[in-house]
Amino acid sequence: MTDSVQAPDQSTKASFLPTSALDYDLPKEQIAQSPIEPRDHSRLLIVNRRDRRLIHTRFYELPQFLSPRDVIVVNDTRVIPARLKVRCADTDAGAELLLLRVVDESRHLWEALVRPGKGARSGRSFRCVSLTSALFGRFEGKNPQGATLVSFGKPSEEVLKFLEEAGEVPLPPYIRQPVTDPSQYQTIFAREPGSIAAPTAGFHFTPSLVQRLREMGVDLVTITLHVGWATFKPIKTETVDQHQMGEEFYRLPPEAAQKINRCWESGKKVVAVGTTTVRTLESCADGFHSLVSKSGWTQLFITPGHRFQAVDALITNFHLPRSTNLALVAAFIGDVEWTREIYEEAVRHGYRFYSFGDAMLIL
């Protein structure tokens, strides 16, 4: 068991870090295509930053690495069925929309990714018809980030209701088979609709594991960060610092901030579940081990050299090469080269990678 730790010295500066440093080799057969059942039977790699020791175990053994009065922080965002197949009004050609977020509620304006992109000509109208209703919209050009702007004649609540009937849950492109049940791509904490991808570190928790954690005195609190394009957009620049992180909405409720601050006052540790939770907590930090309740949009891009203020331990999946998530993990571990060695160790031991894969607990 480990009580709260001080932020490690992290000397590697992202401004001098080539993006190639976040590369690694992964056999395709280790990319998980479906979740383990029960979910808490996924493998868990314990990474101890103090003595650089690695322990191979299972996720249901998590309680033995925590202490009473520790706090686990989870993301309660819910994935919406944001993928929508539409027909263009003038040509009847098909297109697929991935609705990212509302950018102007008064104009019913959304940000979207469209395939094929050439069909999203500004001013072109489209429609989608379900069994009971229809949704009409129009392409309104592109924003500076390259996403397409789409206007609807309905407020976002009605669009979301239509998506529940006619939309599909978006899956990452490396998952080649559809899920048999949409709940497979939701965590047990999912409450607040708004994400286009799941906060996958939460996949490993089951109701029985949560009950065991509570019985030993570990508290669970929830934050919200709606996972958007920013989280999974790959780093394509030559160096990590050149990448521009997009905005994502977050919320840290007052009661969550209070429980976390009390945890630190009692000398215990805060365990963030997933990179989205880390970005939320770090966005709300008011000095080391001090949080203030906030909500808004964050563009925080955590890279090697970041000094963590609000996270003592991290539960996370194994991430894609050249991803912002992997940059964050390398920052938390505090050593980019050792991070690559840890990933190589996981590959050698046959761990499952990415969204439906196994997990790490970094202490």
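Which elements each supply at least two residues of the lining of the second largest pocket? The legends below address this and other details of a predicted model.

**View 1. Lining of the second largest pocket in the predicted model.** This pocket has a volume of about 650 Å³. Of the 26 residues that line the second largest pocket, Leu100, Arg101, Val102, Glu247 and Trp297 are the closest to its centre. At least two lining residues come from each of S6, S7, helix H1 (156-166), strand S11 (192-195), H3 and strand S13 (248-252). By class, the lining of the second largest pocket comprises 12 nonpolar, 8 polar and 6 charged residues.

**View 2. The largest pocket.** The volume of the largest pocket is about 1100 Å³. Its lining is formed by 41 residues, of which Pro172, Pro173, Tyr174, Phe232 and Lys233 are the closest to the pocket centre. Two or more residues of this lining are given by each of strand S6 (94-104), strand S7 (109-115), helix H3 (229-232) and helix H5 (275-283). The lining of the largest pocket divides by class into 22 nonpolar, 13 polar and 6 charged residues.

**View 3. The buried and exposed sides of helix H1.** Within H1, the residues Ser156, Val159, Phe162 and Leu163 are buried. Seen down the axis of H1, these buried residues fall within an arc of 115°, and therefore they line one face of the helix. An α-helix has 3.6 residues a turn, so residues three or four places apart point the same way. Glu157, Lys161 and Glu164 are exposed and are carried on the face of H1 turned away from its buried side. The buried residues of H1 pack against six strands named here in order: strand S5 (83-88), S6, S7, strand S8 (125-129), strand S9 (134-142) and strand S10 (148-152).

**View 4. The salt bridge between Arg322 and Asp23.** The closest N and O atoms of Arg322 and Asp23 are 2.9 Å apart. This pair links distant parts of the chain, 299 residues apart. Arg322 belongs to the loop between strand S16 (313-317) and helix H6 (324-333), whereas Asp23 belongs to the segment before strand S1 (43-48). Arg322 is partly exposed, its relative accessible area being 30%. Asp23 also counts as partly exposed, at 25% relative accessibility. The structure holds 18 salt bridges.

**View 5. The salt bridge between Asp51 and Arg53.** The side chains of Asp51 and Arg53 meet at 3.3 Å, N to O. With 42% relative accessibility, Asp51 counts as partly exposed. Arg53 is likewise partly exposed, at 43% relative accessibility. Side chains of opposite charge can pair when their charged atoms come close.

**View 6. The salt bridge between Arg127 and Asp92.** In this pair, the closest N and O atoms are 2.7 Å apart. Arg127 lies in strand S8 and Asp92 in the loop between S5 and S6, so the salt bridge ties together parts that are 35 residues apart in sequence. Arg127 is partly exposed, with a relative accessible area of 29%. Asp92 is also partly exposed, with a relative accessible area of 39%.

**View 7. A network of salt bridges.** Arg83, Glu96 and Arg115 are joined into one network by salt bridges that share partners.

Note on methods:
Residues are numbered from 1 along each chain as its sequence is written. This is a predicted model: local features need pLDDT of at least 70, side-chain atom pairs count only at pLDDT 80 or more; totals for chains, interfaces and linings use all residues. Side-chain values use heavy atoms; hydrogens and water are left out. On a 1 Å grid over the protein atoms alone, a cavity is a set of points where a 1.4 Å probe fits but cannot get out, and a pocket is an open set with protein on both sides within 12 Å along at least five of seven lines; lining residues have an atom within 4 Å of a point. Grid points are joined across faces, edges and corners, and a volume is the space filled by probe spheres set on the points. Helices (H or I, at least four residues) and strands (E, at least two) are DSSP runs, numbered from the N terminus. Ala, Val, Leu, Ile, Met, Phe, Trp, Tyr, Cys and Pro count as nonpolar, Asp, Glu, Lys and Arg as charged, and the others, Gly among them, as polar. Buried means under 20% relative accessible area, exposed over 50%, partly exposed in between (1.4 Å probe, protein chains only). The arc is that of the directions from the helix axis to the C-beta atoms. Contact means heavy atoms within 4.5 Å. A salt bridge is a side-chain nitrogen of Lys or Arg within 4 Å of a carboxyl oxygen of Asp or Glu.
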